[in-house]
Structure formats: structure tokens, C-alpha cells
Amino acid sequence: MVFAILLVLVFVSVLVDAAFRPAYDWPAVGTYLFDRRISQAAVVTLQLTVYSMVIAIILGVILAVMRLSPNPVVKSLAWFYLWVFRGTPVYVQLTIWGLISLIYSTIDIGIPFMDPWVSFSTNAALSTFTIAIIGLALNEAAYMAEIVRAGLLAVDPGQEEAATALGMSWSQTMTRVILPQSMRVIIPPTGNEVISMLKTTSLVTAVPFSFELFTRSRDISAETFNPIPLLIVASIWYLFFTSILMVGQYFLEKRFARGVGDRQDDKKDLGTGTGVVTGVVPVVGSGQPTVIVPPTIKPKTTPPTNPGGQS
């Protein structure tokens, strides 16, 4: 109780100090919180998050299946992809993607080592918004691949064998048996990755792309020479989006966790206290029920009332 009271006092003192500290400039925070430039940048941040995560999830599923493939070449290529994109910082990757036009000045379509059928200028074909999505998605796909692979491996192999025995095809087995059960394992880390992606969008300034939330608030603060209120504004928007995503993640986890831990205990013989299942099971064709008796309990027998024929 003493420790809890101390924590409350520290928390209240921090809030009071923040409320009256001039550097935070709360009137400026209120002014720019719903500024049109900030709200448009918040929408762009959401677009970057959604588009990147959709592409990353699709690529992650493909890479996870490749990692589980018995083909050593396919498995090695998937492992090499994960090794590269998980082993280098995302900021470095985004910087390289921003310089992609220096590496590939044109995008050629055709047969390799022959004259291309169609050729596009890289700068004309790929905008900075598209390059930012590609850079974020390719990096995130490496992490989603491991999440999906862990979810697939968490399903008992007997489930697939049982589905095959019932005559289900591979697609039916995956969509009706394996994936629904693996979602319980995949959803929580995927929700965390979505929240992480929302915050990682602040790094697309390396592309450079300057219309997302953090970079836009920083540009406005460079005009007003008052950076702290704009950083608070950006933080409030990030917290708002993160809170919505956390609520959605909670209900998704609850939806896919249905039936887990709800199995009822078998009926037990409470009278004997042996914990052995007892009951009456009918025997087909005999016309008489068969009584299951606990092995530790001997059936009661009635001694003969007239042994030896004497009265």
C-alpha cells in the first residue's frame, strides 16, 4: 500500500508539473491538434500502415510455406530473404530504396539479356509514396513469415492427417482445419506488428517521403520554431491510432480463441471418490445394459440365504 501510494504521488506530481510547464505550450497543442495539415498527414500514415501490412502478410504467408517446403532450394531462398531483411536496419533499407533510381535507372520488361519489350523510367514509374510502401512491406514480410510459420507449426500434425483421412484436399485442410487453429497463435504477434508498423512509418523520411505524420509535424515546427508542442500533437495521434488497434486486436484474439479451455470435465463418480468414470452403457443386441464398475470397487454380492438347503 505504501508503494502504491508513492507511485500515485509521483504520477500526480508529473501531471501537475507538465500542466504548468511553459515549454509544453498546451494552447499551441490545441491549435495544431486538428490542423488540416496534421489530419491529412495522419490519414497518409494510416494508408502507409494498411498497404504495407497487407503486402507483408501476403508475402509472409508465401515465405512461411517456402520455409516449410521439403525442397532445399526453395527453403534456402526463403531463409536467405529472411537473413537479409531481418539482419539490416529498416532505416538503411529505406535509404537504399530511396536511391533505387541510381541503381536501376529504368524498369525493363522482357526476356533477360535481350532487348526489353517495354522500358520505364524508375523515377516516373515509382513515386516516393510507392517506394515507401515497398520498403516497409518487404522488411515486414520477413517478420510475418516467422510468425505465420510458428502458427502453422503450432497445430498438431494429427489434424492434417485426420483431414486427409476424411478426404479433404490440401486447400480445404488449410482453410478449414489448419489456418483457423493457427490463427489463435498468429493473431497476437501480428497485432503487435501492425502497431509497430504504424510507428515505423515515421522512418520513411529516409526515402525521402515527407507527408506522413511525424515528418509533417516536424516541418510545421520548423516554421513556428516551437518543436515540442508539435511533437506532442504527433504523439497524441499515434496514441489514438494505437489504442484503436489494441481494441481491435483484443476482439480478434477473443474471436479466434473461442472453445479453448472450455472443455467440460468428464462425469466422475462423486460417491466413491475414486475419480473413475462410471455409468451404464447399453450393449447392442443383448437387450441388457452393461454396468461399468470402477476397478477399485468390488461389486456387492448377496450371500445365499439358504446355504446347503437348510432352513
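T45 counts as buried because its relative accessibility is 0%, and the cut-off for buried is under 20%. The model is predicted. T45 is found in helix α3, which covers residues 36–67. Leaving aside residues up to four places away in sequence, T45 touches L198, T201, E212, L213 and Y238.

Two of these partners lead on to a helix pair. L198 of α10 and Y238 of α12 both belong to the contact between those helices.

**The helix pair**

Two packed helices are described by the angle between their axes and the distance between the axes. Here are the values for α10 and α12.

| Item | Value |
|---|---|
| Helix α10 | residues 170–200 |
| Helix α12 | residues 227–256 |
| Angle of packing | about 180° |
| Distance between axes | 9 Å |

The angle of about 180° makes α10 roughly antiparallel to α12. On the α10 side, the contact is made by P180, M183, R184, I187, P188, G191, N192, V194, I195 and L198. On the α12 side, Y238, F241, T242, L245, M246, Q249, L252, E253 and F256 take part. By class, the residues of this contact divide into 13 nonpolar, 4 polar and 2 charged.

**The whole protein**

The protein has 12 helices and 4 strands. Of its 311 residues, 29% are buried. T45 is one of the buried residues. The accessible surface comes to about 20,800 Å², and carbon and sulfur atoms account for 67% of that surface.

How much of the contacts with a separation of 6 or more comes from residues 24 or more positions apart? The share is 66%.

Methods
Residues are numbered from 1 along each chain as its sequence is written. This is a predicted model: local features need pLDDT of at least 70, side-chain atom pairs count only at pLDDT 80 or more; totals for chains, interfaces and linings use all residues. Side-chain values use heavy atoms; hydrogens and water are left out. Axes are lines fitted to C-alpha atoms, for helices over the stretch in contact, and angles run from 0 to 180 degrees between N-to-C directions. Helices (H or I, at least four residues) and strands (E, at least two) are DSSP runs, numbered from the N terminus. Angles under 35 degrees count as roughly parallel, over 145 as roughly antiparallel, 65 to 115 as roughly perpendicular and the rest as oblique. Contact means heavy atoms within 4.5 Å. Ala, Val, Leu, Ile, Met, Phe, Trp, Tyr, Cys and Pro count as nonpolar, Asp, Glu, Lys and Arg as charged, and the others, Gly among them, as polar. Buried means under 20% relative accessible area, exposed over 50%, partly exposed in between (1.4 Å probe, protein chains only). Accessible areas come from the Shrake-Rupley method with a 1.4 Å probe; for residues, only the protein chains shown count as cover.
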